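Work through the exercises below with the structure in view. Try each task before you read its solution.

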Amino acid sequence: MLKSKTKMLQLAVTLLACAFLFVPIVMSVLAGLTANYFQGVSSGLTLRWVFEVWELYANSIFLSMGIAFACLICTVIIGVPAAYGLARHPGWMSRMLEEFISLPLAIPGLALALALLQLYGSMQGFRASWTFILVGHVLYTLPFMVRSILAVLASMDLKTLEEGAASLGASPWQRFRDIVVPNAMPGILAGALTVVTLSIGEFNLTWMLHTPYLKTLPVGLADSYASMRLEIASAYTLVFFILIVPLLMAMQWASARAQRIAQ
């Protein structure tokens, strides 16, 4: 009897948590599909606001997706060798380097953006380019990629695997390509999920770095709430979910599959 009550309590708490998270989202989506928000659903459902959002902010949507995937590529190129080096040479120096890599997480996004503006603000061509925002996103998300890969590499006997491959004549590059990368794949995919999620949704740093011609999804969303009808802003949220949720589900599936293969 007590066990049954405990299960019911757990179910009730779970449902309440789900309602707390999903009810505001459902309300926002409905607002973007109603002809008039203040009259409610009784005013009728329409896709007019969704099409209007696409006409107004399509460039912002494509820019944000492009920056997110470019950020993913950069963090993989930098993060995999960095995590490998930290895992291959443990010690106080590696711990210091790991903390240094993680430092951007402890700094507010606005402060990090201000530092980038002070350093590169005079470079007009770079300042007005989307790559300027990309640099900020890479700095902010790189620690998540490095830590995800490092956690996987630290859980295996990497030194023994490499020594076995070296005894068979494998070069350092072959050992990295055929031993390190395949074994680190669960961490790479988990880090990729985090990097893409954070890059697409990052606002504070991007708000400081963007220009009027370089608005990402979150910046465009803030702009729509500040200057447009509430229906358009809510429809923007709907478009955001339509684009992001399938992408995140696909990456989550790939990460789970890689972990099963690794086991």
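A residue is buried if its relative accessible area is under 20%, exposed if over 50%, and partly exposed in between (1.4 Å probe, protein chains only). This is a predicted model, in which local features need pLDDT of at least 70 and side-chain atom pairs count only at pLDDT 80 or more, while totals for chains, interfaces and linings use all residues. Residues are numbered from 1 along each chain as its sequence is written, and side-chain values use heavy atoms, with hydrogens and water left out.

**Exercise 1. Describe the protein chain as a whole.**

Step 1. Buried residues account for 38% of the 263 residues in the protein chain.

Step 2. Helices (H or I, at least four residues) and strands (E, at least two) are DSSP runs, numbered from the N terminus. The protein chain has 12 helices and 0 strands.

Step 3. Along the principal axes, the C-alpha atoms of the protein chain fill a box of roughly 75 × 70 × 30 Å.

**Exercise 2. Classify Lys 7 and Val 138 as buried or exposed.**

Step 1. Lys 7 belongs to helix 1 (residues 2-33). Its relative accessible area is 53%, so Lys 7 is exposed.

Step 2. Val 138 is part of helix 7. Its relative accessibility is 10%, so Val 138 counts as buried.

Step 3. Now compare sequence with space. Val 138 and Cys 71 are 67 residues apart along the chain, and their C-alpha atoms are separated by 5.6 Å. Lys 7 and Glu 231 are 224 residues apart in sequence, and 40 Å apart from C-alpha to C-alpha.

**Exercise 3. Find how helix 7 is oriented to helix 2 and to helix 9.**

Step 1. Axes are lines fitted to C-alpha atoms, for helices over the stretch in contact, and angles run from 0 to 180 degrees between N-to-C directions. Angles under 35 degrees count as roughly parallel, over 145 as roughly antiparallel, 65 to 115 as roughly perpendicular and the rest as oblique.

Step 2. The axes of helix 2 (residues 48-88) and helix 7 cross at roughly 40° and come within 6 Å. Helix 2 and helix 7 are therefore oblique to each other.

Step 3. Nonpolar residues are Ala, Val, Leu, Ile, Met, Phe, Trp, Tyr, Cys and Pro; charged ones are Asp, Glu, Lys and Arg; the others, Gly among them, are polar. The contact of helix 2 with helix 7 has 24 nonpolar, 4 polar and no charged residues.

Step 4. Helix 7 and helix 9 (residues 172-201) pack with their axes 8 Å apart, at an angle of about 150°. That angle makes helix 7 roughly antiparallel to helix 9. Their contact divides into 14 nonpolar, 8 polar and no charged residues.

**Exercise 4. Describe the largest pocket and its lining.**

Step 1. On a 1 Å grid over the protein atoms alone, a pocket is an open set of points where a 1.4 Å probe fits, with protein on both sides within 12 Å along at least five of seven lines; lining residues have an atom within 4 Å of a point. Grid points are joined across faces, edges and corners, and a volume is the space filled by probe spheres set on the points.

Step 2. The volume of the largest pocket is about 200 Å³.

Step 3. Its lining includes Ile 78, Phe 100, Leu 116 and Val 138. Helix 7 gives the most to this lining, with 4 residues.

Step 4. Sorted by type, the lining of the largest pocket has 12 nonpolar, no polar and no charged residues.
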